[in-house]
Amino acid sequence: MARRYDPDRRQRIIDAALAVVGERGIAGLSHRAVAAAADVPLGSTTYHFATLDDLLVAALRQANGRWLSDFARWVDGIDPAVPLADEVARLVAETLAGDRARVELEYELYLAALRHAAVRPIAAECQDEMVALLGRRIGDAATARVVVAVTDGLLLQHLLTGQPFQPAVVREGLAGVLGAGR
């Protein structure tokens, strides 16, 4: 039997891995589940991704690309006349008002780095890029790193608890942390 030319197969496998993790979590990720979701032979998944960690790395890279694109748009839209605390509250509010399933998937992949050493550098790259983007905009890398960490914490807290987001409380708290001038 002749091989079928399928230039998009690798991408379909990555997309299927994202779908599987979105539906079943990291624990549900397997070559067999991804092959079924991508409608490809099992051997195709192992051909393109020898290990599940290789597949997780590719999936996280793709998710990070979307996340960083959204983050860069937010950074570009920061109004220097508006306190940074207000802008961070806006980012969190907009993120939580968006596609919750997508945000949960991104964090699930991101937090997979806790148990999968191969994924850690990819998660760290994303954090570092966020810090670099924000640092260039506000002129302070140390503050940018703290803002990125606080933003992650705020998003995770709201995703985990389901409590309503209160921008005023966040603005007030961040203003205290960042100082009135920021």
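This passage describes the fold, the internal cavity and four selected residues of a predicted protein model.

The predicted model contains 9 helices and 0 strands. Read in sequence order, its elements accordingly follow the pattern α-α-α-α-α-α-α-α-α. Along the principal axes, the C-alpha trace extends over about 70 × 30 × 25 Å. Of the 182 residues in the protein, 41% are buried. Among contacts with a sequence separation of 6 or more, 67% join residues that lie 24 or more positions apart.

The accessible surface amounts to about 9,900 Å². Carbon and sulfur atoms contribute 55% of this surface. The protein carries 20 positive and 23 negative charges, and the mean positions of these two sets are separated by 5 Å.

A search of the whole structure for enclosed space identified 1 cavity of 30 Å³ or more. In general terms, such empty space is revealed by rolling a probe the size of a water molecule over the atoms. The volume of the largest cavity is about 110 Å³. The lining of this cavity consists of Leu60, Ala63, Asn64, Trp67, Glu106, Tyr107, Tyr110, Cys126, Gln127, Met130 and Asp152. Two or more of the lining residues are supplied by each of the helices α4 (52-76), α6 (100-111) and α7 (120-138). The greatest contribution to the lining comes from α4, which provides 4 residues.

Helix α4 also contains Val75. This residue is classed as buried because its relative accessible area is 4%, under the 20% limit. When residues up to four places away in sequence are set aside, Val75 touches Leu133, Leu134 and Arg137. Val75 and Val88 are separated by 13 residues in sequence, and their C-alpha atoms are 9.7 Å apart in space.

Three residues in loops were examined in a similar way. The loop between α4 and α5 (84-97) holds Asp79. Asp79 has a relative accessibility of 35% and therefore counts as partly exposed, a class that lies between the limits of 20% and 50%. Along the chain, Asp79 and Arg4 are 75 residues apart, and a distance of 52 Å separates their C-alpha atoms.

Ala118 is located in the loop between α6 and α7. Its relative accessible area is 36%, so Ala118 is likewise partly exposed. Beyond its neighbours within four places in sequence, Ala118 makes contact with Asp53 and Val57. Both of these contact residues fall within the range 52-76 assigned to α4. The C-alpha atoms of Ala118 and Arg90 are 33 Å apart, with their positions 28 residues apart in sequence.

Asp39 occupies the loop between α2 (31-38) and α3 (42-48). With a relative accessibility of 66%, Asp39 counts as exposed, because this class requires a value over 50%. The backbone of Asp39 shows a positive phi of about 55°, although the residue is not a glycine. Most residues other than glycine have a negative phi. Asp39 and Leu160 are 121 residues apart along the chain, and their C-alpha atoms are separated by 33 Å.

Terms used:
Residues numbered from 1 in each chain as written. Predicted model: local features only at pLDDT ≥ 70, side-chain atom pairs only at ≥ 80, totals over all residues. Heavy atoms only, no water. Buried < 20%, exposed > 50% of the residue type's maximum accessible area, 1.4 Å probe, protein only. Contact = heavy atoms within 4.5 Å. Areas by Shrake-Rupley, 256 points an atom, 1.4 Å probe, with all protein chains shown as cover. Lys, Arg positive; Asp, Glu negative; His and termini not counted. Charge placed at Lys NZ, Arg CZ, Asp CG, Glu CD. 1 Å grid on protein atoms, 1.4 Å probe; cavity = no way out; pocket = protein on both sides within 12 Å on 5 of 7 lines; lining within 4 Å. Points joined across faces, edges and corners; volume = space filled by probe spheres on them.
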